[in-house]
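I opened a fresh notebook page for this one and kept my notes short. Here is what I looked up, in the order I did it.

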Amino acid sequence: MNHTFKSLAVLVMAALALSVFFSAQLLAQDEKPQVRHPSYTLLGKNPPPVDSPLNPNFLLSQESKISEGSLWYTDYIHERLVGLDVADATGDGKNELVYATPHNLYLVRVNNGLMEQLATFEIPKSVKGLSVDFYDTNNDGRYEIVLSCQASGAGPSSFVLAYDNSKTLKVLGSHLPFYLRVYGSGQRRNLAAQKGSGNSNNVFIGNVHQASFSGGKVVVGDKIELPFGVNIFFFNAGDLGSSGQRMIATVTYPAENLRVYTGGSRENFAAQASSEYCGTVNYIDISNSKDDGRNVLYLPSRIVFADIDNDGANEVIVAKNRQSGVKVMNNLRSFDGGVIEAMKFNNLSLVPFFSSTNLLPGPPVDYQLADLDNNGSKDLVTAVVLDPGSGMINTGLSRIVSYSNLYSTPQPAQTSTASK
């Protein structure tokens, strides 16, 4: 009997010893800093030291030396935003902000955190705004505004506008029969044009072409070599990665996968991001005599090539928006949030670099990396739609959000010759 009790006591003591040992091991593991990012498994690198606090508006990623940042945002805008851009529209060497809704366009300047309205443009009721870009049409350093629009139930009907020190923007070209978009990165920005209609069989007609604007008209140039089926709203081109190679990024439809190509054909495919990117509630209306219901083609948010961490190499910056509910109908969609995500191109992979926090209950629909407040550092300026609206009474609800001071100091590779 005593022997049995002694055996049980030994077993209990052994179990306690093992429990203490494993608890100590788990505690030791928990005390280790968890800084490894999933992308390191792909790249085969060790994580860098995290030697400065991360901007609280962004999630932990591969990069260090990200400073404590600031956040600026507008009051509620009681319209659904479709786009924005940042550049010098007045010719004074300082940047302005332009943003558009389906029915209006606004040119503003941000001074000491306050938004000053410079000029507006009321979009004719027969058309609706789809996107907006700054583009220097005559290379004088003063950027004009390219407003891409669709006529009601028909094809493109776009505008080119300019600021002339009055409260209303000057119309340089109106009801232009092209969809217009600015593509490129840094100083290498170009104008693209494409024909279209409101018919389901040819929403976009022909190829995407390089274009210029002169004498109130769009002058069409050479065809832009793009992968088959890619239209004017679904691509951008720019220098990417540490090599500064010229590449093309596209968004597929309706799957909304992000793809990168080294040239203008499918054979030049280089990488794909597996998640859905750039989804918005911005759309082109499509007429179809066989279908009396709502028929639309949703447009993606902007693809940006920009150097967000000052290492001399561009990243791909896109929106990763979260659709709400179950996907049942292709022509109806909603979002309950979204983030801006940056990816590095490395080893034939698009590697997530960092992501903004989901600050507002709505999707980012457009964004740019530019010096919004003219303090010498780049800001991530974002248009967020909180409520897309449901008609004449409810015109929507939006905000413009800017992330400032993304990095405290330039990175060592800043002197690289790659485009920024």
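**Entry 1: cysteines**

Is cysteine 149 buried or exposed? I had to keep in mind that this is a predicted model. Cysteine 149 counts as buried, because its relative accessibility is 0% and the limit for buried is under 20%. I then looked up cysteine 278 and found that its relative accessible area is 0% as well, so cysteine 278 is buried. Next I searched for disulfides, and the count came to zero. For my own reference, a disulfide is a covalent bond between the sulfur atoms of two cysteines.

**Entry 2: the chain as a whole**

I noted two helices and 26 strands in the protein chain. The chain has 420 residues, and buried residues make up 51% of them. I also looked at contacts between residues at least 6 apart in sequence, and 51% of these join residues at least 24 apart. The exposed area of the chain is about 20100 Å², with carbon and sulfur atoms supplying 53% of it.

**Entry 3: nonpolar cores**

How many residues does the largest nonpolar core have? I found 55, and the residues with the most contacts inside this core are Phe233, Leu258, Ile303, Ile317, Val318 and Leu350. There is also a second, separate core of 22 residues, which includes Val82, Ala119, Phe134 and Tyr143.

I picked valine 318 for a closer look and left aside its neighbours within four places in sequence. The contacts of valine 318 include Leu258 and Ile303, two names I had just written down for the core. Also among its contacts are Cys278, the buried cysteine from my opening entry, and Arg302, Glu341 and Tyr367.

**Entry 4: an open sheet**

I followed a sheet of four strands, which is open, pairs antiparallel and has the order β1-β26-β25-β24. Which strands stand at its edges? They are β1 (70-73) and β24 (364-370); each has a single partner strand, so one side of each is left without a neighbour in the sheet. From one strand to the next, the twist averages 20°.

Inside this sheet, I looked at β25 (residues 379-387) and β26 (residues 397-404), an antiparallel pair with seven bridges. One position I checked was valine 385, whose bridge partner in β26 is serine 398.

**Entry 5: tyrosine 76**

Serine 398 came up again when I turned to tyrosine 76, which is in contact with Leu386, Leu397, Ser398 and Arg399 once its neighbours within four places in sequence are left aside. Tyrosine 76 sits in the loop between β1 and β2 (83-87). Its relative accessible area is 46%, so tyrosine 76 is partly exposed. I also looked up a C-alpha separation: tyrosine 76 and isoleucine 400 are 324 residues apart along the chain, yet their C-alpha atoms are separated by 8.5 Å.

**Entry 6: β15, β16 and β17**

Strand β16 (residues 257-261) is mostly covered, with four of its five residues buried. On one hand it pairs antiparallel with β15 (residues 245-251) through four bridges, and there isoleucine 248 stands opposite tyrosine 261. On the other hand, β16 pairs antiparallel with β17 (residues 269-276) over five bridges, and there arginine 259 stands opposite glutamine 272.

β15 and β16 form a hairpin with five residues between them. What is the peptide bond from tyrosine 253 to proline 254 like, cis or trans? I found it cis, with omega near 5°, and proline 254 lies in the loop between β15 and β16. Glutamate 256 is in that loop too, and its phi is near 60°, a positive value in a residue other than glycine. I flagged both because most residues other than glycine have a negative phi, and most peptide bonds are trans.

**Entry 7: two more loop residues**

Asparagine 139 also has a positive phi, near 55°, and lies in the loop between β6 (127-135) and β7 (144-151). Is asparagine 139 buried or exposed? Its relative accessibility is 71%, so asparagine 139 counts as exposed, whereas glutamate 256, at 3%, counts as buried.

My last stop was glycine 312, in the loop between β20 (304-306) and β21 (315-323). Although it sits in a loop, glycine 312 is buried, with a relative accessible area of 0%. The C-alpha atoms of glycine 312 and glycine 241 are separated by 8.9 Å, and the two glycines are 71 residues apart along the chain.

Notes:
Residues are numbered from 1 along each chain as its sequence is written. This is a predicted model: local features need pLDDT of at least 70, side-chain atom pairs count only at pLDDT 80 or more; totals for chains, interfaces and linings use all residues. Side-chain values use heavy atoms; hydrogens and water are left out. A nonpolar core is a set of buried Ala, Val, Leu, Ile, Met, Phe, Trp, Tyr and Cys residues joined through side-chain atoms within 4.5 Å. Buried means under 20% relative accessible area, exposed over 50%, partly exposed in between (1.4 Å probe, protein chains only). Contact means heavy atoms within 4.5 Å. A disulfide is a pair of cysteine sulfur atoms within 2.5 Å. Accessible areas come from the Shrake-Rupley method with a 1.4 Å probe; for residues, only the protein chains shown count as cover. Two strands pair if DSSP finds at least two bridges between them. Axes are lines fitted to C-alpha atoms, for helices over the stretch in contact, and angles run from 0 to 180 degrees between N-to-C directions.
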